[in-house]
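Here are my notes on the model, as numbered points. Please read them with the structure open.

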Amino acid sequence: MASSPYPATQISGSGVVAFAIGGFLRPLHALIVAPALLFITTLGLMLFHPPDFNFHSIDRIAFCLLILVTLLRACALRQPLQIEGLVVWPMLAMLLLAFYGVVSEPNDAETWSLFAAKWLVPLTLYQLAAYIFDDARSVRSFEIFSLIVLGYLSLTAIFFMIDAKQFIFPRYILDESLGYHADRARGPFLQAVANGVALNLLGLIALNSFRRKHLRGVLALSFLIALPWAIVATKTRAVWLSFALSILWLLLFSPSRRLRWACLCLVLAGGMGLAAMMVFADRNTSLGDRLEERGPVMFRMAIYQAGWEMFLKKPITGWGATDMQTELSKRISGFHQEEFFFHNTYLEIVVQYGLVGLALYFWIVIDLFKLGRSVRGPAFPGDGGFLDQQFRSLWPLLLGVFLLNGSFVVMNYQFVNGYLFTIAGLLAAQNRRAMDAKVTSVAS
């Protein structure tokens with residue numbers, strides 16, 4: 001029997017190293033096999049990272065890990081990393097324009113956080129979603145995640161409305177020194193409009209699930225009652241308007257009888273929510289006072305006027321982030337505010353980046369609408385019934401909710417942006433599969 005040329009201790013040491021490396025890579029292998037879970041977890045962490053504040057960076061770590069896992073998975077499966085034509089090129093140009101503004105001016109962690117939330121995260125998730133959600137099971141997991149987040153946000157808003165604040169989690173939502181609109185149901189976003197936009201978008205996704213009978217029974221009934229109450233609890237007129245218009249549109253024009261019935265129930269539940277708000281609200285913060293409030297309107301008109309004057313002074317290239325804030329503070333007087341913001345996505349873009357930035361943003365919006373065009377061809381394994389033709393008719397409503405509320409707030413919220421662009425990535429991937437199927441059928 002031949003003896004080993006290597007000492008026993010060396011063999012044992014090599015085995016320990018190999019075991020350690022294997023143990024280290026085993027979780028990474030699990031993520032490569034099922035990356036949808038990591039994607040959903042990353043979105044969930046982004047839900048609890050409001051902008052403008054130096055919060056935890058766990059979501060950033062998860063975001064980087066998600067990119068790494070997707071690249072490793074593409075290499076393992078030998079998937080070509082295709083660049084989607086629609087949305088990507090104007091979004092990439094906008095990303096570079098914003099990046100130049102960040103690195104060319106004094107900045108801090110907050111500036112980089114806003115840059116990521118508005119441009120980097122949405123573009124990346126748009127691309128990654130097309131590769132990760134590539135089968136019915138993963139798409140179904142995204143749909144379930146959406147319904148869970150909707151339930152959490154709805155319950156949080158209702159707890160706030162009925163003053164059951166001991167059930168609200170995380171507790172920083174109740175911290176009046178953080179964020180804005182501490183007297184409203186603002187959720188983890190710390191801003192009532194952002195919370196309302198998320199509720200509206202997720203509510204439309206839930207309606208799509210209800211139409212396809214993926215949401216039914218007690219859960220469906222709870223959804224139909226809770227969502228309008230949660231919308232009312234935001235005490236935000238822009239949110240009320242976008243929700244009312246989207247539900248009214250579906251009630252009048254949806255081809256699905258089941259969906260029209262659900263919208264009618266939402267209208268009735270919304271009326272009950274208004275009555276409940278009257279009962280539970282304090283006298284100083286009642287719904288009637290909110291409707292009659294004129295201070296915010298006057299403040300915004302002053303902001304809009306100052307922004308328009310700034311645009312006329314530098315219409316092409318804009319002011320840049322730092323100069324924009326300094327100049328805006330000089331032009332606003334008579335209001336007791338430490339910082340001034342435009343409260344309008346489009347006005348901020350045109351003042352900060354000029355007509356070049358506004359043109360790029362409108363290009364992005366046009367491409368987003370194009371993604372929802374009907375596709376002809378066989379069923380696709382990646383949609384799981386989620387992205388059928390009736391959902392594509394719902395896509396312009398999702399964009400409409402996002403764009404309408406963008407007129408009243410700057411969309412700095414990475415969860416809202418990332419969630420919308422994730423759905424856009426799913427549509428882009430389905431469009432690509434339809435085109436590939438068409439080319440294959442013609443070639444054969």
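**Notes on the salt bridges, core and surface**

1. Start with the charged side chains. Arg140, Glu143 and Arg212 form a network of salt bridges. Keep in mind that this is a predicted model.

2. Within that network, the side chains of Glu143 and Arg140 meet at 3.0 Å, N to O. Both residues sit in helix α6, three residues apart, so about one helical turn separates them. How do the two partners compare in burial, going by relative accessible area? Glu143 is buried, at 1%. Arg140 is partly exposed, at 29%.

3. The structure holds six salt bridges. One of them joins the side chains of Glu348 and Lys118, at 3.1 Å, N to O. This pair links distant parts of the chain: Glu348 belongs to helix α14, Lys118 to helix α5 (residues 109-132), and their positions lie 230 residues apart in sequence. Are these two residues buried or exposed? Glu348 and Lys118 are both buried.

4. Arg211 and Asp388 also meet through their side chains in a salt bridge, at 3.0 Å, N to O. Again the pair links distant parts of the chain, with the two residues 177 apart. Arg211 is in helix α7 (residues 192-211), while Asp388 is in the loop between α14 and α15 (389-405). Arg211 counts as buried because its relative accessible area is 13%, under the 20% cut-off. Asp388 has 23%, so this residue is partly exposed.

5. Next, the fold as a whole. The protein chain has 16 helices and zero strands. Of its 444 residues, 50% count as buried. Take the contacts between residues at least 6 apart in sequence: 76% of them join residues at least 24 apart.

6. Now the interior. The largest nonpolar core has 124 residues. Which residues have the most contacts inside this core? They are Trp119, Phe133, Leu207 and Trp395. Helix α14 (residues 345-371) gives the core its largest share, 13 residues. The same helix, α14, carries Glu348 of the salt bridge with Lys118.

7. Leu207 deserves a closer look. Setting aside neighbours within four places in sequence, Leu207 is in contact with Phe223, Ile247, Leu250, Leu259, Ala262, Cys263 and Leu266. Phe223 comes up again with Leu147: their C-alpha atoms are 9.2 Å apart, and the two residues are 76 apart along the chain.

8. Leu147 lies in helix α6 (residues 136-161). What does Leu147 contact beyond its neighbours within four places in sequence? The partners are Ala206, Ser209 and Leu215.

9. Finally, the surface. The accessible surface of the protein chain is about 21,600 Å², and 67% of that belongs to carbon and sulfur atoms. Leu248, Trp249, Leu252 and Phe253 make a nonpolar surface patch of about 460 Å². Phe253 is in helix α9 (residues 237-253). Why does Phe253 count as exposed? Phe253 has a relative accessible area of 53%, and exposed means over 50%.

10. For a check in the viewer, I would take these places in turn: the network of Arg140, Glu143 and Arg212, the buried pair Glu348 and Lys118, the contacts of Leu207, and the patch that includes Phe253.

Technical notes: Residues are numbered from 1 along each chain as its sequence is written. This is a predicted model: local features need pLDDT of at least 70, side-chain atom pairs count only at pLDDT 80 or more; totals for chains, interfaces and linings use all residues. Side-chain values use heavy atoms; hydrogens and water are left out. Patches are made of residues with over 30% relative accessible area and no salt bridge: like charges are joined within 9 Å, nonpolar side chains (Val, Leu, Ile, Met, Phe, Trp, Tyr) within 5 Å. Accessible areas come from the Shrake-Rupley method with a 1.4 Å probe; for residues, only the protein chains shown count as cover. A salt bridge is a side-chain nitrogen of Lys or Arg within 4 Å of a carboxyl oxygen of Asp or Glu. Helices (H or I, at least four residues) and strands (E, at least two) are DSSP runs, numbered from the N terminus. Buried means under 20% relative accessible area, exposed over 50%, partly exposed in between (1.4 Å probe, protein chains only). Contact means heavy atoms within 4.5 Å. A nonpolar core is a set of buried Ala, Val, Leu, Ile, Met, Phe, Trp, Tyr and Cys residues joined through side-chain atoms within 4.5 Å.
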